[in-house]
Amino acid sequence: MKIGYIGSGKISKFHLPAIRNNNLSIKGIGTRKNSANCKTFARDSDLLEFYCKGGWHEVLDKNLDAYCICIDTDVTADILLKVLEKGKPILVEKPVAWNLLDIDSLCNHKNSNNIFVAYNRRFYDVVNQAKDFCDKSDSGTVNINIPDSKQGRKVFLSNGCHMIDLARYLLGDFEVLNKVIRYDSISGEIASLTALCSNKKWSISINAHSLIPSNFGITINSKKNVFELLPVEKFNLYEGLEIIEPDSNNPLRRYVPKIIKTGYEISNFKPGFDNMYKDFREFIRSDCKPSKKNNTIFEARNTLLKCIELIGDN
């Protein structure tokens, strides 16, 4: 299958190996017209013969089976609208847009079903073990931790959206019942968010805080078990407690949760990317029929909507 690739930024070095491993061949690559960065990336990736100095417009002039768009979110929606006119399957990096107006223009396009959004964590094996745990659970409580090394609304939409999308994938959609947002006294940016959310099955606590030494994680408590993704690439399943009595080295009685199963996301590729491109390959073959992972533009819109509900619209 012949792919047109629009992008050359840092994330592209993770896309290319997974693309190639799934028998997808890039036959056109471009970004802006005469982009030196894109030309260098194409050369370093053995794609110089497919470099389009005319930019992404030239990529669209080629006879291709599908497209990948991995560029700055500021311009993604505008370019994606143009690519949709080709009527071909398109994989696009998340979050696709910063606001509902832009993403709604994509959802309302006649070829909106052709869009496959690259929420790669839906393809983690450990995440899908967590989903199986959630699906088999009657009810419970969930704690979601969203730290970041930077502050800002767009930082949350770009990075935190992964965790909100995971929450929706694992738990189903949910309502924001209450939230508290605190702002940095110097930068004026969002410093922290605490939200209480719920649906018919789960009570959910979301804690987002910038500039703290912590990992992204989700802890799911249901009946006698705890399923922990911390970081998201590792899981522990707990059941029961080991009671350790005080001794000369430690004067305190300790209650240590017992791990009954553990696992890691192990891959030769960026986690989730190889499985994601396997899914995209089938998406192309099936005339854009989504799999159970449901990486549609409509799912991406619902994730963006939930993020905006949490942090506000400006």
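Phe116 is buried in this predicted model. Its relative accessible area is 2%. Phe123 is likewise buried, at 3%. The two residues form an aromatic pair. A pair of aromatic rings is described by the distance of the centres and the angle of the planes. For Phe116 and Phe123, the centres lie 6.3 Å apart and the planes meet at 20°. The pair is stacked, because its angle falls under the 30 degrees that set the limit for that class.

A second pair joins Phe133 and Phe227. Here the ring centres are 5.4 Å apart and the planes stand at 35°, so the pair is tilted. Phe133 belongs to helix H6 (residues 125-136). Phe227 belongs to strand S11 (residues 225-229). The pair thus links distant parts of the chain, with the two positions 94 residues apart in sequence. Phe133 and Phe227 are both buried.

In total, the structure holds seven aromatic pairs. Ring pairs also build a cluster. Its members are Phe116, Phe123, Tyr277, Phe280 and Phe283.

Helix H1 spans residues 12-21. Its buried residues are Ser12, His15, Leu16, Ala18 and Ile19. These residues pack against several elements. Among the strands are S1 (2-6), S2 (25-30), S3 (66-69) and S4 (90-92). The helices are H2 (36-44) and H8 (273-285). Asn23 follows H1. The phi angle of Asn23 is positive, near 60°.

Two loop residues were examined next. Asn111 lies between helix H5 (100-107) and strand S5 (115-117). Asn111 has a relative accessible area of 16% and counts as buried, because the limit is 20%. With neighbours within four places in sequence left aside, Asn111 is in contact with Leu84, Glu85 and Gly87. The C-alpha atoms of Asn111 and Cys68 are 15 Å apart. In sequence, 43 residues separate Asn111 from Cys68.

Lys200 occupies the loop between strand S8 (190-198) and strand S9 (202-210). Its relative accessibility is 91%. Lys200 therefore counts as exposed, the threshold being over 50%. From Lys200 to Asp138, the C-alpha distance is 9.9 Å. Along the chain, Lys200 and Asp138 are 62 residues apart.

At the level of the whole protein, the model contains nine helices and 13 strands. The radius of gyration is 21 Å. The globule rule gives 20 Å for 314 residues, and the computed value is close to it, so the protein is as compact as a globular protein of that length. The C-alpha trace spans about 70 × 40 × 35 Å along its principal axes.

Of the 314 residues, 49% count as buried. The protein exposes about 15500 Å². Carbon and sulfur atoms supply 48% of that area. Contacts were also sorted by sequence separation. Among those between residues at least 6 apart in sequence, 66% join residues at least 24 apart.

The protein carries 44 positive and 37 negative side chains. The centres of the two sets lie 3 Å apart.

How values were computed:
Residues numbered from 1 in each chain as written. Predicted model: local features only at pLDDT ≥ 70, side-chain atom pairs only at ≥ 80, totals over all residues. Heavy atoms only, no water. Helix = DSSP H or I, 4+ residues; strand = E, 2+ residues; numbered from the N terminus. Rg over C-alpha atoms; globule rule 2.2 N^0.38 Å. Buried < 20%, exposed > 50% of the residue type's maximum accessible area, 1.4 Å probe, protein only. Contact = heavy atoms within 4.5 Å. Areas by Shrake-Rupley, 256 points an atom, 1.4 Å probe, with all protein chains shown as cover. Lys, Arg positive; Asp, Glu negative; His and termini not counted. Charge placed at Lys NZ, Arg CZ, Asp CG, Glu CD. Phe/Tyr/Trp six-rings, centres within 6.5 Å; stacked < 30°, edge-to-face > 60°.
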